[in-house]
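Here is a short briefing for a computational chemist who wants to find their way around this model. Please keep the sequence and the 3D view open while you read.

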Amino acid sequence: MKIAILGTRGIPNNYGGFEQCAEYLSVGLVGKGHDVSIYNPHFHPYKESSFKKVKIIRKASPQQYFGNSVSNFIYDYFCLKDAVKRDFDIILELGLITSSLSIIFCRHRGKIIVTNLDGLEWKRSKWNKIVQKITKTLEKYGVMFSDYLIADNIGMQKYIWEEYSRESELIAYGTENNKEPNPNCLKEYGLERNTYLLSIARLEPENNLEMMFDAYVKSEISNPYFVVGNHLTSHGDFLKDKYRDSGILFLGGIFNKDHLDNIRFYSKYYLHGHSVGGTNPSLLEAMATKTFILSHDNRFNKSVIEENAFYFSNSEELVSLLKNENLTNQKETFALNNLKKIDSVYRWAIVVAQYESYFKRILKESNRQ
């Protein structure tokens, strides 16, 4: 098969979850004998024409003129307009909203467009009501004009059916195999094993960091609370100002995976506040490193962790959890069950095989193979 992967900031990953997916998926499919191309924006620091035998196609992104949000729509349009002119069997869009306009308005020329929706972008609380309504409309028509749909979470799959009466293929996100824990890196970040709370997240309102920080302060527990993620944003500035001298420490972005895995493993609690849908990569990594998870209570997180975490819906519920020292009696059981699920569902080898099988089925249905 000849496959194009669009909708990301390119590979090798230096940004986020879908870029990670694009990297592992493309390399895995090439390893199975397929011809795979990835679209990279011109500003990506990797300048070679291929990455581990994955072909790189560069397209200009006008972010210096329009900023990230608008330029992403334009860049995605340029990518799809180019891809439909080439002889790809499958065009995979990772993410729907910024690619929606191109899916709607770009002539497909008979090409098969498969879209992985990610989460519910229109529910992000950083958007005002008008932007949320526009984003919801883009979701609707992006779903309508995509040939096939992928959901990475059973909650998303149910949402697509309930909202749009469209079937989607359930294919999870993936994780790597982890090395044996090693605490040597902890001192570099001022951490002591099994004493600290941890969250790894983008500092955005829908990740409920303010709720979790409020609970931490109200609980009056003595454990420090460390947050990994870029805090040089408007919401990050708000959080840093509000929780100054509270025991909450912002470590910024950490991109060394071995360090991140050890920081996760040696935490006392991992607080996960994501709430707008899809399977969050940082949650899978927390499960893979056997952290003790306290999670925001929503159907997306619950479909992943099931009963192997403690849940909260508001700061008062989280305060009760943080002050209950008996919780840790469940740590080993929860951690082992979560790791078993990672090994049976969320490893990249499994995910790549599922994508390959789905693409072959699509081509068979369309009489192209």
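The notes below go through the sheets, the helices packed on them, a surface patch and some salt bridges.

This is a predicted model, in which local features need pLDDT of at least 70 and side-chain atom pairs count only at pLDDT 80 or more, while totals for chains, interfaces and linings use all residues. Residues are numbered from 1 along each chain as its sequence is written, and side-chain values use heavy atoms, with hydrogens and water left out.

**The eight-stranded sheet**

- Helices (H or I, at least four residues) and strands (E, at least two) are DSSP runs, numbered from the N terminus; two strands pair if DSSP finds at least two bridges between them.
- One open sheet has eight strands in the order β3-β4-β2-β1-β5-β6-β7-β8, and its pairing is mixed.
- At the edges are β3 (50-51) and β8 (169-170), each of which pairs on one side only.
- Five bridges join β5 (residues 90-94) to β6 (residues 112-116) in the parallel sense, and E93 has T115 in β6 as its bridge partner.
- Helix α1 (residues 17-31) packs on this sheet, touching β1 (2-6), β2 (35-41), β3, β4 (54-59), β5 and β6. Contact here means heavy atoms within 4.5 Å.
- The direction of α1 makes about 155 degrees with that of β2; axes are lines fitted to C-alpha atoms, for helices over the stretch in contact, and angles run from 0 to 180 degrees between N-to-C directions.

**The six-stranded sheet**

- A further open sheet has six strands in the order β11-β10-β9-β12-β13-β14, with parallel pairing.
- Its edge strands are β11 (248-252) and β14, each pairing on one side only.
- On average, neighbouring strands of this sheet are turned by 25 degrees against each other, direction ignored.
- Two bridges pair β9 with β12 (residues 269-272) in the parallel sense, and L198 has Y270 in β12 as its bridge partner.
- Helix α11 (residues 315-322) lies across β9, β12, β13 (293-296) and β14, and runs at about 150 degrees to β14.

**A nonpolar surface patch**

- Y77, F78, L101 and F105 form a nonpolar patch on the surface, together offering about 380 Å² of accessible area (Shrake-Rupley method with a 1.4 Å probe; for residues, only the protein chains shown count as cover).
- Patches are made of residues with over 30% relative accessible area and no salt bridge; like charges are joined within 9 Å, and nonpolar side chains (Val, Leu, Ile, Met, Phe, Trp, Tyr) within 5 Å.
- Helices α2 (63-83) and α3 (97-105) are the elements that give two or more residues to the patch.
- F105 lies in helix α3 and counts as exposed at 61% relative accessibility (buried is under 20% relative accessible area, exposed over 50%, partly exposed in between; 1.4 Å probe, protein chains only).

**Salt bridges**

- With a salt bridge defined as a side-chain nitrogen of Lys or Arg within 4 Å of a carboxyl oxygen of Asp or Glu, the count comes to 22.
- E356 and K32 form one, with their closest N and O atoms 3.8 Å apart. E356 lies in helix α13 (residues 348-365) and K32 in the loop between α1 and β2, so the pair ties together parts that are 324 residues apart in sequence. E356 is buried at 12%, whereas K32 is partly exposed at 40%.
- D258 and K179 meet at 3.0 Å, N to O, linking helix α8 (residues 257-265) with the loop between β8 and β9 (197-200).
- K257, D261, R264 and E285 are linked in a network of salt bridges.
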